[in-house]
Amino acid sequence: MSMRAAGLDRESPRYKQLMDCARLQVDRLNELASAKGGWGYLTYIGFSKRPASEPTSFLTGTVLISAWMAGKTFGLSLDEKVFRRALKFLKSQRTPAGTYVYSLSHSYYPGRPINRHTGSLARTPACDYAIKLWEPEDVSMRQLVDGLDRLWSRRGWLTMALHKPVPHESFAQNSGYFFYYGYYYSGMCLDMLAPNQVKRHASLLAGDILARQGRDGSWWDYPLYNYHKFYGTGYALYALSRAWDKLYGHPIIH
């Protein structure tokens, strides 16, 4: 939504519609933030006014990135207490090895395959990017680049999970729906790289995406409610647009 509005005249009806929608979404995020900090998507222990869902690192990272965009485009912001708890939670999910554990309960089991480098490949760039947007000193450029290099060099751990119907059935407990999520946010990370680094990373990203386009022109990773090809293709095209921008000077889509 923020990306769609970024190029619009701020007095245009369309911009105002998108801003109203964004304001509604920010309000809902304030309401749905976990009492434990951050955001989750599953609740196992009953219901409460403030959701008792277990927060996950990657969903919290996604929301914090979206919140930064909403602030830049619309001047909107999360409730300060909600924001601070979320950022503190996300930082707490980062291990000394530079990976991000899957969720709050996984903090007690950082050695599980899903929490090690091979299981965190898709989460690491997104979570590093989220923290670096808000508090740049907390994630160094070396750490950001290391997360990207691990994704390119160990992508086989993710590609083996593509199209498998059972969540986390693949090696290192990877799931198919990790793949394009990771590449989508890696595309965002390109904006933070130094000029002498960015083209190499953009080329690697584009090569991995282009090699996985289906015969019908779509990209997909996980059979999800019949819209897997739509969201997969959206993720892929966005990532390719970021790579195209860095390689050729202007994006192919907006």
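**Close-up views of a predicted model**

**View 1. Asp 138 and Lys 91 pair up in a salt bridge, with their closest N and O atoms 2.5 Å apart.** Keep in mind throughout that this is a predicted model. The two partners come from distant parts of the chain, 47 residues apart: Asp 138 sits in the loop between H6 and H7, while Lys 91 belongs to helix H4. How exposed are they? Asp 138 is partly exposed, at 35% relative accessible area, and Lys 91 also counts as partly exposed, at 28%. Zoom out a little and the pair turns out to be part of a network of salt bridges that links Glu 80, Arg 84, Lys 91, Glu 135 and Asp 138.

**View 2. Glu 135, another member of that salt-bridge network, is found in the loop between H6 and H7.** Buried or exposed? Glu 135 has a relative accessible area of 17%, so it goes down as buried, the limit being under 20%. If you skip its neighbours within four places in sequence, Glu 135 is in contact with Arg 84, Leu 87 and Lys 91. Take Leu 87 from that list: it is 48 residues away from Glu 135 along the chain, yet their C-alpha atoms are separated by 9.3 Å.

**View 3. Helix H4 (residues 80–92) and helix H6 (residues 123–134) cross at roughly 130°, their axes coming within 10 Å.** That angle makes the two helices oblique to each other, and the crossing of H4 past H6 is left-handed. Which residues do the touching? On the H4 side you'll find Phe 83, Leu 87, Leu 90 and Lys 91, and they meet Cys 127, Ala 130, Ile 131 and Trp 134 of H6. Sorted by class, the contact between H4 and H6 has seven nonpolar residues, no polar ones and one charged one. Lys 91 shows up here as part of the H4 side, and this is the lysine that bridges to Asp 138 in View 1.

**View 4. Helix H7 (residues 141–153) packs with helix H10 (residues 195–210) at an angle of about 35°, the axes lying 11 Å apart.** As for handedness, H7 and H10 make a left-handed crossing. H7 brings Val 145, Leu 148, Asp 149 and Trp 152 to the contact, and H10 brings Gln 197, Arg 200, His 201, Leu 204, Leu 205 and Asp 208. By class, the mix for H7 with H10 is five nonpolar, two polar and three charged residues.

**View 5. His 201 of helix H10 is buried, with a relative accessible area of 0%.** What does His 201 touch, once residues up to four places away in sequence are left out? The list is Val 145, Leu 148, Asp 149, Trp 152, Leu 190 and Leu 193. Val 145, Leu 148, Asp 149 and Trp 152 are the H7 residues from View 4. For a sense of scale, pick Ser 107: its C-alpha atom and that of His 201 are separated by 30 Å, with their positions 94 residues apart along the chain.

**View 6. Within helix H7, Arg 142 forms a salt bridge with Asp 146, and the closest N and O atoms are 3.3 Å apart.** Arg 142 and Asp 146 are four residues apart in the helix, so about one helical turn separates them. Arg 142 counts as exposed, with 63% relative accessibility, whereas Asp 146 is partly exposed at 26%.

**View 7. Lys 246 and Asp 191 join their side chains in a salt bridge of 2.7 Å, N to O.** Lys 246 is in helix H11 (residues 228–248) and Asp 191 is in the loop between helix H9 (179–189) and H10, so this pair ties together parts that are 55 residues apart in sequence. Both ends are easy to describe: Lys 246 is partly exposed at 23% relative accessibility, and Asp 191 is partly exposed with a relative accessible area of 45%. If you want the wider tally, the whole structure has 14 salt bridges.

**View 8. Thr 118 has its place in helix H5 (residues 117–120).** Thr 118 is buried, with a relative accessible area of 16%. Which residues surround it, setting aside neighbours within four places in sequence? Thr 118 is in contact with Pro 113, Arg 154, Trp 157, Ala 172 and Asn 174.

Technical notes:
Residues numbered from 1 in each chain as written. Predicted model: local features only at pLDDT ≥ 70, side-chain atom pairs only at ≥ 80, totals over all residues. Heavy atoms only, no water. Axes fitted to C-alpha atoms, helices over the stretch in contact; angles between N-to-C directions. Left-handed = near helix turned anticlockwise from the far one by under 90°. Contact = heavy atoms within 4.5 Å. Nonpolar A, V, L, I, M, F, W, Y, C, P; charged D, E, K, R; others polar. Parallel < 35°, antiparallel > 145°, perpendicular 65-115°, else oblique. Buried < 20%, exposed > 50% of the residue type's maximum accessible area, 1.4 Å probe, protein only. Salt bridge = Lys/Arg side-chain N within 4 Å of Asp/Glu carboxyl O.
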